[in-house]
Amino acid sequence: MDQESGFVDLARVKAERLRVSNVRWIAQRAEDLDVGAARFDLVCIGNAFHRLPRRVVAGRAYQWLTPTSCIALLWSGAPWAGQAQWQRTMAALVQRWIARAGAEDRIPAHLDATIEKTPHREVLIDAGFEVIGKFEFLTPHVWTIEALVGFAYSTSVLSREVLGARTPEFAEELRGELLALEPSNRFEQDISSAYDLARRPAMT
Ligand SMILES: C[S@@+](CC[C@H](N)C(=O)[O-])C[C@H]1O[C@@H](n2cnc3c(N)ncnc32)[C@H](O)[C@@H]1O
């Protein structure tokens, strides 16, 4: 589920392409989800816990899970998070376009400070979970310019809706700057991924 129907549509298309048919797609806010009597073996939140009303969603997720089942907060770095020349160029361009598109307010103010004050693991513990740990791994990946443009569109700050009529201009500028650096159209990155895992305790 995602609150933006564009993201849900994108996931649905990808799943169809992979012939995955046992998924129900829901465009709704996580805090409004009503699962009725259903209970689940795993709740996954992909790159989004920091954007949610964390205490509300952690509390609801606790109720959705069967005892001893887990919640996983999934994280992965952006392609431009790194020190390679193409990454620094892309990071600067992304910042420029977020400002140009007037999308700064799509990143909630004081987000970092709020998370620093109350880290995710504390929110999970307060909701009743036992924290198992944080697991991190690197995946070597080669991006193409088409995939990098697509990744930018999949973010909430540079989606096609946010860029509007300037979408082609954004894509052209990114293409021009990055291909000037890597004419081979190969942009290498060790993608950093992680998950915070916590368990609903067994019933006592
Ligand atoms: C960085 S994107 C991650 C998208 C996808 N889950 C993934 O892992 O690639 C963050 C997503 O959180 C969604 N989001 C933010 N607040 C939400 C809420 N209250 N309920 C549901 N989705 C929300 C945004 O619409 C956005 O698509």
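Contact here means heavy atoms within 4.5 Å. Keep that in mind as you work through these exercises on a predicted model.

## Exercise 1: His120 and Thr118

**Task.** Which residues does His120 touch, not counting residues up to four places away in sequence? Is His120 buried or exposed?

**Solution.**
- Step 1: Find the place. His120 belongs to helix α5.
- Step 2: List the partners. His120 touches Phe49, His50, Arg54, Leu73, Trp75 and Ile115, once residues up to four places away in sequence are set aside.
- Step 3: Check the surface. The relative accessible area of His120 is 13%, and buried means under 20%, so His120 is buried.
- Step 4: Try Thr118 in the same way. Thr118 sits in the loop between α4 (111–117) and α5 (120–126). With a relative accessible area of 14%, Thr118 is buried. Leaving aside its neighbours within four places in sequence, Thr118 is in contact with Arg54, Arg55 and Val123.

## Exercise 2: The whole chain

**Task.** How many helices and strands does the protein chain have, and what pattern do they follow along the sequence?

**Solution.**
- Step 1: Count the elements. There are eight helices and four strands in the protein chain.
- Step 2: Read along the sequence. The pattern is α-β-α-β-α-α-α-β-α-α-α-β.
- Step 3: Look at the dimensions. A box of roughly 60 × 35 × 30 Å, taken along the principal axes, is filled by the C-alpha atoms of the protein chain.
- Step 4: Look at burial. Of the 204 residues in the protein chain, 33% are buried.
- Step 5: Look at the contacts. Among contacts in the protein chain with a separation of 6 or more, 83% come from residues 24 or more positions apart.

## Exercise 3: Two helices that cross

**Task.** At roughly what angle do the axes of α6 and α8 cross, and why is α6 called oblique to α8?

**Solution.**
- Step 1: Recall the idea. Two packed helices are described by the angle between their axes and the distance between the axes.
- Step 2: Read off both values. The axes of helix α6 (residues 145–153) and helix α8 (residues 167–181) come within 10 Å, and they cross at roughly 135 degrees.
- Step 3: Name the arrangement. Angles over 145 degrees count as roughly antiparallel and 65 to 115 as roughly perpendicular. The crossing angle belongs to neither group, so α6 is oblique to α8.
- Step 4: Add the handedness. This crossing of α6 and α8 is right-handed.
- Step 5: Find the residues. From α6 the contact uses Ile145, Glu146, Leu148, Val149, Ala152 and Tyr153, while α8 brings Thr167, Phe170, Ala171, Leu174, Arg175 and Leu178.
- Step 6: Sort them. The residues of this contact divide into nine nonpolar, one polar and two charged.

## Exercise 4: The nonpolar cores

**Task.** How many residues does the largest nonpolar core have, and which element supplies the largest share?

**Solution.**
- Step 1: Start from a general tendency. In soluble globular proteins, nonpolar side chains tend to be buried together.
- Step 2: Find the core. The largest nonpolar core has 25 residues, and those with the most contacts inside it are Met90, Leu158, Phe170, Leu174 and Leu178.
- Step 3: See who contributes. At least two residues of this core come from each of α3 (85–100), α6, α7 (160–163), α8 and β4. The largest share, six residues, is supplied by α3.
- Step 4: Zoom in on Met90. Leaving aside its neighbours within four places in sequence, Met90 is in contact with Trp80, Leu148, Leu174 and Leu178.
- Step 5: Look elsewhere. Apart from this core lies another, of 20 residues, among them Val35, Val57, Ala58 and Leu65.

## Exercise 5: Two residues with positive phi

**Task.** Where do Arg19 and Asn47 lie, and is Arg19 buried or exposed?

**Solution.**
- Step 1: Take Arg19. Arg19 lies in the loop between α1 (5–17) and β1 (40–46). Its phi is near 60 degrees, a positive value in a residue other than glycine.
- Step 2: Judge the surface. Exposed means over 50%, so Arg19, at 77% relative accessibility, counts as exposed.
- Step 3: Take Asn47. Asn47 is placed in the loop between β1 and α2 (54–64). Asn47 is not a glycine, yet has a positive phi of about 50 degrees. With a relative accessible area of 36%, Asn47 is partly exposed.

Technical notes:
Residues are numbered from 1 along each chain as its sequence is written. This is a predicted model: local features need pLDDT of at least 70, side-chain atom pairs count only at pLDDT 80 or more; totals for chains, interfaces and linings use all residues. Side-chain values use heavy atoms; hydrogens and water are left out. Axes are lines fitted to C-alpha atoms, for helices over the stretch in contact, and angles run from 0 to 180 degrees between N-to-C directions. Angles under 35 degrees count as roughly parallel, over 145 as roughly antiparallel, 65 to 115 as roughly perpendicular and the rest as oblique. A crossing is left-handed if the near helix is turned anticlockwise from the far one by less than a right angle, and right-handed if clockwise. Ala, Val, Leu, Ile, Met, Phe, Trp, Tyr, Cys and Pro count as nonpolar, Asp, Glu, Lys and Arg as charged, and the others, Gly among them, as polar. Buried means under 20% relative accessible area, exposed over 50%, partly exposed in between (1.4 Å probe, protein chains only). A nonpolar core is a set of buried Ala, Val, Leu, Ile, Met, Phe, Trp, Tyr and Cys residues joined through side-chain atoms within 4.5 Å.
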